[in-house]
Amino acid sequence: MVHVESVRVVFVDAETGEEFARTELAPGQLPDSFEYETRLDLGGEPWAVVRAEPPAAAEFLRSGSLVLTLRRIRTMDPQEMKYSLPTIYDPLPATEEPAGPGEHFVIHEDDWRQAELVSRQLAGQVEGELRAIHEIFQQHSQVVGDGASSMRVFDRIHVRMAPAAPLSTGVSRRRLSELLPVGGRPYAGVRFPEDPGRVVDSFAIDSGSFVVYGQAHGDRVTTLCLALSPDAATESVSGLEQAMREFDLLLADWCGGRLLDASGIGAFVNPA
């Protein structure tokens, strides 16, 4: 394979879509491939790679041309930082190349596992996390703005790492699908907005006023979450209630700071 002596690199700002710099680099100055969110330092400022065209060295060393779309990484004083959420889950799941065509359920990284079903046996762990979230509300939050434009912001965020395995008892994906409303639309999986990959072992089913999503190994569900559809009409949650009772599950509404059993799921899915 013939490689060029230098590669022409064009830098594009992801926010504007416009080229802002270009240079010539020797092959030894470039990595073998550009992974999503690879960090670069340009003129003393940090940038993250959103897209590399082409992504692999074998291709850009052959063509002598590489286009990098970058997102500027902005930093700020932690004391001035405000969050719109009291809690997030970490770490995020791994992603992989989609196995085939099909629409994916897209969810923001910060919304991953924000309303999830957990085994009743883990209620103690959940309540410990909820106490930490209640402290965030009480000591590290304030309401800004007036009237309909007001919102609560937080100067600290609780990062959850538990429960790592929220379903301690077996939950059947096949049985879950049977219990959800007839006509629910299945997705090809779950992905995040700026990541073209699919969350490993993910699934999602749109049931009308809510989407059930998570991860499963074969028929065994390992993570089971809910996301509300704000524009959907009120629908029955009897199938979801039955699933919670059959598998002895509770709903951890992390951002709401509450733990609900099957009798309270209707108020969560169809809030007044």
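**Chatting through a predicted model**

Trainee: Quick one to start: is Asp 201 buried, exposed or partly exposed?
Mentor: Asp 201 counts as partly exposed, because its relative accessibility is 29% and the middle class sits between 20% and 50%. Keep in mind that this is a predicted model.

Trainee: And where is the place of Asp 201 in the chain?
Mentor: Asp 201 is in the loop between strand 15 (198-199) and strand 16 (202-206).

Trainee: What is phi of Asp 201?
Mentor: Phi of Asp 201 is near 60 degrees, which is a positive value in a residue other than glycine. Arg 113 is also not a glycine, and has a positive phi of about 60 degrees.

Trainee: OK, Arg 113 then. Which loop is Arg 113 found in?
Mentor: Look between strand 8 (105-106) and strand 9 for the loop with Arg 113.

Trainee: Is Arg 113 buried or exposed?
Mentor: Arg 113 is buried: its relative accessible area is 3%, and the cut-off for buried is under 20%.

Trainee: What is Thr 223 in contact with, leaving aside neighbours within four places in sequence?
Mentor: Arg 113 is one of the contacts of Thr 223. The others in that set are Glu 116, Pro 166, Leu 167, Phe 203, Tyr 213, Gly 214 and Gln 215.

Trainee: Where is Thr 223 found? And does Thr 223 count as buried or exposed?
Mentor: Thr 223 is in strand 18 (residues 220-228). At 6% relative accessibility it falls under the 20% cut-off, so Thr 223 counts as buried.

Trainee: Let's try Gln 121. Where is its place?
Mentor: Gln 121 is in the loop between strand 9 (115-119) and helix 2 (123-139). Gln 121 counts as exposed, because its relative accessibility is 60% and exposed means over 50%.

Trainee: What is Gln 121 in contact with, beyond neighbours within four places in sequence?
Mentor: Ser 168 and Thr 169. You can also check Gln 121 against Pro 166: they are 45 residues apart in sequence, and the C-alpha to C-alpha distance is 9.6 Å.

Trainee: Changing topic, which residues does a cis peptide bond join?
Mentor: One cis bond joins Asp 90 and Pro 91, with omega about 10 degrees. Another joins Ala 162 and Pro 163, with omega about -5 degrees.

Trainee: Where are Pro 91 and Pro 163 found?
Mentor: In loops. Pro 91 is between strand 6 (87-89) and strand 7 (95-96), and Pro 163 is between strand 12 (158-160) and helix 3 (173-179).

Trainee: Lots of strands here. How many helices and strands are there in the chain?
Mentor: Five helices and 20 strands. Five strands form an open sheet in the order 2-1-5-4-3, with mixed pairing.

Trainee: Which strands stand at the edges?
Mentor: Strand 2 and strand 3 do, and each has a single partner strand, so one side of each is left without a neighbour in the sheet. From one strand to the next, the twist averages 40 degrees.

Trainee: How many bridges join strand 1 to strand 2?
Mentor: Six, and strand 1 (residues 7-13) runs antiparallel to strand 2 (residues 19-25). Bridge partners include Arg 8 with Glu 24 and Val 12 with Glu 19. These two strands form a hairpin with five residues between them, and Gly 17 in the turn has a positive phi of about 75 degrees.

Trainee: How many bridges join strand 3 to strand 4?
Mentor: Four, between strand 3 (residues 39-42) and strand 4 (residues 45-53), and that pair is antiparallel. Leu 42 stands opposite Glu 45. The hairpin has two residues between the strands, and Gly 43 in its turn has a positive phi of about 60 degrees.

Trainee: Last bit, the whole chain. What does the C-alpha trace span along its principal axes?
Mentor: About 70 × 45 × 35 Å. The chain has 272 residues, and 40% count as buried. Its accessible surface is about 14,600 Å², with 50% belonging to carbon and sulfur atoms.

Trainee: How many positive and negative side chains are there?
Mentor: 24 positive and 41 negative, with the centres of the two sets 3 Å apart. As for contacts with a separation of 6 or more, residues 24 or more positions apart account for 62% of them.

Conventions:
Residues are numbered from 1 along each chain as its sequence is written. This is a predicted model: local features need pLDDT of at least 70, side-chain atom pairs count only at pLDDT 80 or more; totals for chains, interfaces and linings use all residues. Side-chain values use heavy atoms; hydrogens and water are left out. Two strands pair if DSSP finds at least two bridges between them. Buried means under 20% relative accessible area, exposed over 50%, partly exposed in between (1.4 Å probe, protein chains only). Contact means heavy atoms within 4.5 Å. Accessible areas come from the Shrake-Rupley method with a 1.4 Å probe; for residues, only the protein chains shown count as cover. Lys and Arg count as positive and Asp and Glu as negative; His and the chain ends are not counted. The place of a charge is taken as NZ of Lys, CZ of Arg, CG of Asp or CD of Glu. Axes are lines fitted to C-alpha atoms, for helices over the stretch in contact, and angles run from 0 to 180 degrees between N-to-C directions.
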